[in-house]
Amino acid sequence: MANKSWKVLVTGGAGYIGSHTVLELLQADFEVVVIDNLSNAYKDDNNIKPECILRIEKLTNKKIVFIQCDITNLNELRDIFKKHKFHSVIHFAALKAVGESCEKPLEYYKTNVCGTLNLLKVMRDFNVKCNCTNPYGKTKYMVEEILKDLCTSNQEWSVISLRYFNPVGAHSSGQIGEDPNGVPNNLMPYIAQVSVGKREILYIYGNDYDTPDGTGVRDYIHITDLAMGHVKAMIYQKIHNSTGFKVFNLGTGKGYSVLEVIQAFEKASGQKIPYKIVERRAGDISASYADASLANKELGWQATKNIGDMCLDTWKWQQNNPNGYKR
Ligand code: UD1
């Protein structure tokens, strides 16, 4: 079947990773329906669609069906599946702040676990068994276990779980990007806000880790590469008629320290990023990076952008949109 008549449901499609994936799906000619509860996306009161979706429509010159819906609402989900016949589902709708999840564990289990269960229930009832998912946080493990059991119970399911680490950057147009609520938890959006003067100084959480310069090392991946990983995974399912549960890492396989990221950002932006070393942050580890060779071999996917591209696109987005999607 041509991509044009292949209808994809993207849950959480107004979020950071979701929106970039929606853009790449449209560019690959897929038909896209987005559902999102807008808990972490900006919508102007005068519009029915959130700002990022409007911008994607403009960039691609294509229309997106947008439905405001929370995946914990089973009846609303059912109505959507009644109305649309989906060929694939890419599931991003989840809560993902580690700190917040310690304060509100029940909300996290409700959205990430119960919400995913609702989605799977409706998919089963409407016989949509082609699914590519990406749950967050501590609930990731639970949901993968659920998906494994589901695939064992019925061979018609095709599930790909994509594991990835530190998505950063923005679309090269500078029109869509990461727009965190409040104080950013993560390194790159924090640096970006310092670079435009929204925050005074970056706090580096520890320089006594067992790494070359003592600061934490992570596998940063450009958001567009990551979005393409989702498109490739879906095309893989579509072409190979694959069944069962599969897991792929999406990363560059290369780690950068906090100090290296700062250096790369300063080079890309020409801005000085003042910083101060403070105590380690609870829960942080010294280094984490991914071996993405399986995704390369099976999906034909590879990260194409380097740390310089990631910083340059983050800078471009932040400069164009100092207050995110709010004008
Ligand atoms: C975090 C999440 C992870 C999520 C990922 C998404 C935690 C514990 N984990 O990973 O679940 O998938 O984001 O991108 O929150 N750092 C500073 N100063 C800051 C912010 C971060 O020094 O203001 C350091 C951290 O100590 C770490 C590195 O920068 O060494 C990256 O941190 P961050 O961007 O928060 O990502 P992770 O913690 O790796």
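These notebook entries record what I looked up about the ligand site and the helix packing of this structure.

**Entry 1: the model.** I note at the outset that the model is predicted.

**Entry 2: the shell around the ligand.** I began with the residues that surround the ligand, and there are 17 of them. I listed the closest as Leu-187, Tyr-203, Arg-218, Arg-281 and Asp-284. I then sorted the shell by class and recorded 10 nonpolar, 4 polar and 3 charged residues.

**Entry 3: strands at the ligand.** I asked which strands each supply at least two residues of this shell. They are strand S7, residues 166–168, and strand S8, residues 202–205. I also looked up which element gives the most to the shell, and S8 does so with 4 residues.

**Entry 4: polar contacts of the ligand.** I looked next at distances to oxygen atoms of the ligand. For Arg-218, I found a polar side-chain atom 2.5 Å from a ligand oxygen. For Asp-284, a polar side-chain atom lies 2.6 Å from an oxygen atom of the ligand. Tyr-205 takes part through its backbone, with an N or O atom 2.9 Å from a ligand oxygen. I then asked how much of the ligand the protein buries. Taken alone, the ligand exposes 730 Å², and the protein buries 86% of that.

**Entry 5: helices H7 and H11.** I turned to helix packing and took H7, residues 187–195, with H11, residues 307–320. Their axes are 10 Å apart, and the angle between the two helices is about 55°. I therefore entered H7 as oblique to H11, because an angle of 35 to 65 degrees is neither roughly parallel nor roughly perpendicular. I recorded the crossing of H7 and H11 as right-handed.

**Entry 6: helices H1 and H2.** I looked up H1, residues 16–27, and H2, residues 51–60, which pack at an angle of about 25°. The axes of H1 and H2 are 10 Å apart. H1 and H2 are therefore roughly parallel to each other, as angles under 35 degrees count as such. I noted that H1 passes H2 in a right-handed crossing.

**Entry 7: helices H5 and H6.** My last pair was H5, residues 105–125, and H6, residues 139–153. I found an angle of about 20° between H5 and H6, with their axes 10 Å apart. H5 and H6 are therefore roughly parallel to each other. I entered the passage of H5 across H6 as a right-handed crossing.

Technical notes. Residues numbered from 1 in each chain as written. Predicted model: local features only at pLDDT ≥ 70, side-chain atom pairs only at ≥ 80, totals over all residues. Heavy atoms only, no water. Near = heavy atom within 4 Å. Polar contact = N/O pair within 3.5 Å; in protein donor to acceptor, adjacent residues only side chain to side chain. Areas by Shrake-Rupley, 256 points an atom, 1.4 Å probe, with all protein chains shown as cover. Nonpolar A, V, L, I, M, F, W, Y, C, P; charged D, E, K, R; others polar. Axes fitted to C-alpha atoms, helices over the stretch in contact; angles between N-to-C directions. Parallel < 35°, antiparallel > 145°, perpendicular 65-115°, else oblique. Left-handed = near helix turned anticlockwise from the far one by under 90°.
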